[in-house]
Structures are given as structure tokens and as C-alpha cells.
Amino acid sequence: MICQAMSLILTDYSSGRLTVISTSTDGATCLERAAAEHPDVVLMDIAMPGIDGIETTRRLRALPDAPHVLMLTSLSPAGTVERAIEAGAEGFVSKTDAPGEIIRRVLGVCDGDPQFNPSSQRQLIADLNVSRPQSRRDEARALLDRLPEREREAVVLAAEGFTNAEIAQRMFISERTAKAHLSSAADKLDMGRVQMARLVERADLPMRP
């Protein structure tokens with residue numbers, strides 16, 4: 001039903017500017033027809049039997065004469081927009097968009113202009129807001145993991161507010177060695193003591209026993 005409806009919209013409302021060359025109801029058929037027919041644009045639903053729309057998009061965009069791909073979706077699951085963009089999608093069309101809007105986006109993507117309707121923009125922003133803190137945490141942990149174990153321990157203790165003398169006492173080393181660990185870590189990270197403390201804060205490390 002969706003294929004029939006979209007075919008009618010694209011044919012009847014485009015005044016001859018668009019031609020629907022075929023429709024598919026599953027990812028495998030879409031890939032076969034795209035390889036044979038070389039469409040300029042594929043309107044891709046996300047929920048399909050077999051290969052889903054995002055994986056189908058990834059495979060379409062790997063074809064030698066790759067078509068543009070617009071996702072035809074209601075944008076339900078979180079992360080949909082981000083995953084589709086990573087797969088090579090260049091925009092989104094809602095099933096509830098007005099016919100003229102759908103046609104405008106199909107023509108626009110042919111000109112190389114990304115086509116993101118307001119709902120897809122809102123979801124992308126929401127997804128980025130969710131993923132950014134985790135990304136920053138993982139980046140901070142990766143930086144700390146580059147340090148030798150004893151230097152990393154000293155940096156974490158310093159971030160918790162311990163003085164050099166207290167760090168030395170807790171690590172069973174001399175205060176001079178504690179200072180050396182912190183200085184070496186600062187050189188490797190190219191950070192001062194306050195910056196290293198912020199790095200530990202962003203890393204959100206598990207509680208030590």
C-alpha cells in the first residue's frame with residue numbers, strides 16, 4: 001500500500017519531473033533492481049522483511065553507480081537518524097509529508113543537497129545529546145589508559161583532592177616519586193593538574209574498592 005501510494009504521489013504530483021521505475025517490498029529485491037535499473041534516488045523504508053532499510057542503504061551506497069537514498073520513515077527508534085546517516089542516507093521524508101514536500105526533497109537530493117525534515121533534525125539533535133556524554137567519557141578513559149598504571153593512579157588520586165604527600169602515603173612511595181609520576185603524566189597528556197582532574201571527572205571511573 002505504501003509503495004502504491006508513493007508511486008501515485010511521485011507520478012501524479014510531479015508534473016513529469018519524476019518517473020517511478022520500480023518498487024520493492026524487501027531489501028534484497030531493492031538491491032537487485034537498483035543494480036539493474038540504476039535509479040537516481042531510492043526512497044527507503046526502514047522496516048522491511050529480511051534486510052532492513054539501513055543495511056540496504058549501506059549496500060546501495062557501495063554500488064559502483066550508487067543512487068541517492070532518502071529514508072521514508074516515521075522515525076520511531078532512537079538512533080534511527082544517526083544510523084541511517086552513517087549508512088549513507090542523505091535525508092529523510094516522512095510518510096505524512098505533503099506530496100509537494102516529498103517531491104521537493106527528491107529533486108533536492110539529486111542536486112546534492114541533504115534533505116532533513118524538521119522531525120529528523122529534532123531526532124538527530126536528541127540522539128547527539130544522548131551519545132555525546134558517553135563519547136566524551138570513553139575518550140577520557142582512553143587517554144587515561146595510555147598512562148602507565150602508577151602514573152594513572154597518581155592522577156586519579158590528585159583529581160580526588162589528595163596532596164602530593166597524601167598520594168605518596170597511599171601509594172607507598174616517596175613524595176618525590178609521586179611528584180615525578182604526576183609530572184610525567186602531565187607531559188604525556190599535555191595537561192596541567194587542573195586539566196587532568198577534569199579529565200578524570202569526565203572519565204567517570206568506577207568506584208575504587
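## Buried, exposed and in between

A residue is called buried when its relative accessible area is under 20%, exposed when that area is over 50%, and partly exposed in between, using a 1.4 Å probe and protein chains only. Glutamate 151 is buried, with a relative accessible area of 9%. This residue lies in helix α7, where helices (H or I, at least four residues) and strands (E, at least two) are DSSP runs numbered from the N terminus. Leaving aside neighbours within four places in sequence, glutamate 151 is in contact (heavy atoms within 4.5 Å) with His181, Ser184, Ala185 and Lys188.

## About the model

This is a predicted model, in which local features need pLDDT of at least 70 and side-chain atom pairs count only at pLDDT 80 or more, while totals for chains, interfaces and linings use all residues. Residues are numbered from 1 along each chain as its sequence is written, and side-chain values use heavy atoms, with hydrogens and water left out.

The pLDDT value is the predictor's confidence in each residue, from 0 to 100. Its mean over the protein chain is 86, and 88% of the residues reach 70 or more. Among the elements, helix α2 (residues 27-37) has the highest mean, 95, and α6 the lowest, 73. Where pLDDT is low, the predicted coordinates should not be read in detail.

## The overall layout

How many helices and strands does the protein chain have? There are ten helices and three strands. Walking along the sequence, you meet them in the pattern α-α-β-α-β-α-β-α-α-α-α-α-α.

Of the 209 residues in the protein chain, 39% count as buried. Among contacts with a separation of 6 or more, 57% are between residues 24 or more positions apart.

## Two nonpolar cores

A nonpolar core is a set of buried Ala, Val, Leu, Ile, Met, Phe, Trp, Tyr and Cys residues joined through side-chain atoms within 4.5 Å. In soluble globular proteins, nonpolar side chains tend to be buried together. The largest core here has 23 residues, and the members that touch the most others are Leu144, Val155, Ile167, Leu189, Met196 and Leu199. At least two residues of this core come from each of α6 (118-145), α7 (149-159), α8 (164-171), α9 (175-189) and α10 (193-203). Apart from this core lies another, of 17 residues, including Met44, Leu60, Ala84 and Ala89.

Which residues does isoleucine 167 touch, not counting those up to four places away in sequence? They are Ala154, Leu157, Ala158, Phe162, Ala178, Leu182 and Arg193. Another residue to find is alanine 203, in helix α10, which is buried with a relative accessible area of 0%. Beyond its neighbours within four places in sequence, alanine 203 is in contact with Arg137, Ala140, Arg141 and Leu144. Alanine 203 and serine 135 are 68 residues apart in sequence, and their C-alpha atoms are 9.9 Å apart in space.

## The largest pocket

On a 1 Å grid over the protein atoms alone, a pocket is an open set of points with protein on both sides within 12 Å along at least five of seven lines, and its lining residues have an atom within 4 Å of a point. Grid points are joined across faces, edges and corners, and a volume is the space filled by probe spheres set on the points. The largest pocket has a volume of about 830 Å³. Its lining has 32 residues, of which Val20, Ser22, Val41, Val42 and Leu43 are the closest to the centre.

The lining takes at least two residues from each of α1 (2-12), α2, β1 (41-45) and α5 (99-110). It divides into 20 nonpolar, seven polar and five charged residues; Ala, Val, Leu, Ile, Met, Phe, Trp, Tyr, Cys and Pro count as nonpolar, Asp, Glu, Lys and Arg as charged, and the others, Gly among them, as polar.

## A few more residues to visit

Valine 106 lies in helix α5 and counts as buried, at 7% relative accessibility. With neighbours within four places in sequence left aside, valine 106 is in contact with Leu10, Leu18, Val41, Leu43 and Leu70. By contrast, glutamine 4, in helix α1, counts as exposed at 57% relative accessibility.

Most residues other than glycine have a negative phi. Histidine 38 has a positive phi of about 50° although it is not a glycine. You can find histidine 38 in the loop between α2 and β1, where it counts as partly exposed at 46% relative accessibility. Aspartate 204, in the segment after α10, also has a positive phi of about 50°.

Key. 1 Å grid on protein atoms, 1.4 Å probe; cavity = no way out; pocket = protein on both sides within 12 Å on 5 of 7 lines; lining within 4 Å.
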